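Reader: I am in my first year and would like to look closely at a single part of this model. Could you take me through it slowly, and show how it sits against its surroundings?

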Amino acid sequence: MFTSLLQVTGGAGFIGSHLVDTLMLMGHEVTVVDNFFTGRKRNIEQWIGHENFELITYDIVTPLHLESKFLTATLSTYVVFSVQNRSGAGSRHKFY
């Protein structure tokens, strides 16, 4: 297995925190960026202080130049999600 440096926007929300749990349990290094508008710190509190976890409180409406302990990058909003219709066929939507 390989380890990745990953960034999860909205990582303190319901869905994001479950993604963070999975990624952390897989051994990845994870940076969560969340503005806590709907997310809750209690959703990720088990990872705070872990050497492979970093939390940044920020609203990504404005691009973020990130120089964290894991990576250096400029982040802008990019969300991809998959929706499955009743027939079981998936469709992919991108938002910028």
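Which exposed residues does the face of α1 turned away from its buried side carry?

Author: Please keep in mind that this is a predicted model. The face of α1 that looks away from its buried side carries Phe14, Ile15 and Leu25, which are exposed. To see what lies on the other face, it helps to begin with the helix itself. Helix α1 has twelve residues, and from its first C-alpha to its last it reaches 17 Å, which is close to the 16 Å expected at 1.5 Å a residue. Its buried residues are Gly16, Ser17, Val20, Leu23 and Met24. They lie on the same side of α1, because the arc that they cover around the axis is only 125°. A general rule helps in reading such a pattern: an α-helix has 3.6 residues a turn, so residues three or four places apart point the same way.

What the buried side faces is the next step. The buried residues of α1 pack against β1, β2 and β3, and these three strands form an open sheet in the order β1-β2-β3, with parallel pairing. The edge strands, each pairing on one side only, are β1 (5–9) and β3 (53–57), while neighbouring strands of the sheet are turned against each other by 15° on average, if direction is ignored. Helix α1, residues 14–25, packs on this sheet and touches β1, β2 and β3, and its direction makes about 165° with that of β1.

Within the sheet, β1 and β2 run parallel and are joined by five bridges, with Thr9 standing opposite Val33 in β2. On its other pairing, β2 (residues 29–34) meets β3 in the parallel sense, again over five bridges, and here Val30 has Phe53 of β3 as its bridge partner. Strand β2 is largely enclosed by the rest of the structure, because five of its six residues are buried.

The helix and the sheet come together once more in the largest nonpolar core, whose ten residues are Val8, Ala12, Val20, Leu23, Met24, Val30, Val32, Ile44, Trp47 and Phe53. Two or more residues of this core come from each of α1 and β2, and α1 gives the most, with three residues. As a general tendency, nonpolar side chains in soluble globular proteins are buried together. Finally, if you follow the chain just past the end of α1, you come to Gly27, which takes a positive phi of about 95°.

Conventions. Residues are numbered from 1 along each chain as its sequence is written. This is a predicted model: local features need pLDDT of at least 70, side-chain atom pairs count only at pLDDT 80 or more; totals for chains, interfaces and linings use all residues. Side-chain values use heavy atoms; hydrogens and water are left out. Two strands pair if DSSP finds at least two bridges between them. Helices (H or I, at least four residues) and strands (E, at least two) are DSSP runs, numbered from the N terminus. Axes are lines fitted to C-alpha atoms, for helices over the stretch in contact, and angles run from 0 to 180 degrees between N-to-C directions. Contact means heavy atoms within 4.5 Å. A nonpolar core is a set of buried Ala, Val, Leu, Ile, Met, Phe, Trp, Tyr and Cys residues joined through side-chain atoms within 4.5 Å. Buried means under 20% relative accessible area, exposed over 50%, partly exposed in between (1.4 Å probe, protein chains only). The expected span of a helix is 1.5 Å times one less than its number of residues. The arc is that of the directions from the helix axis to the C-beta atoms.
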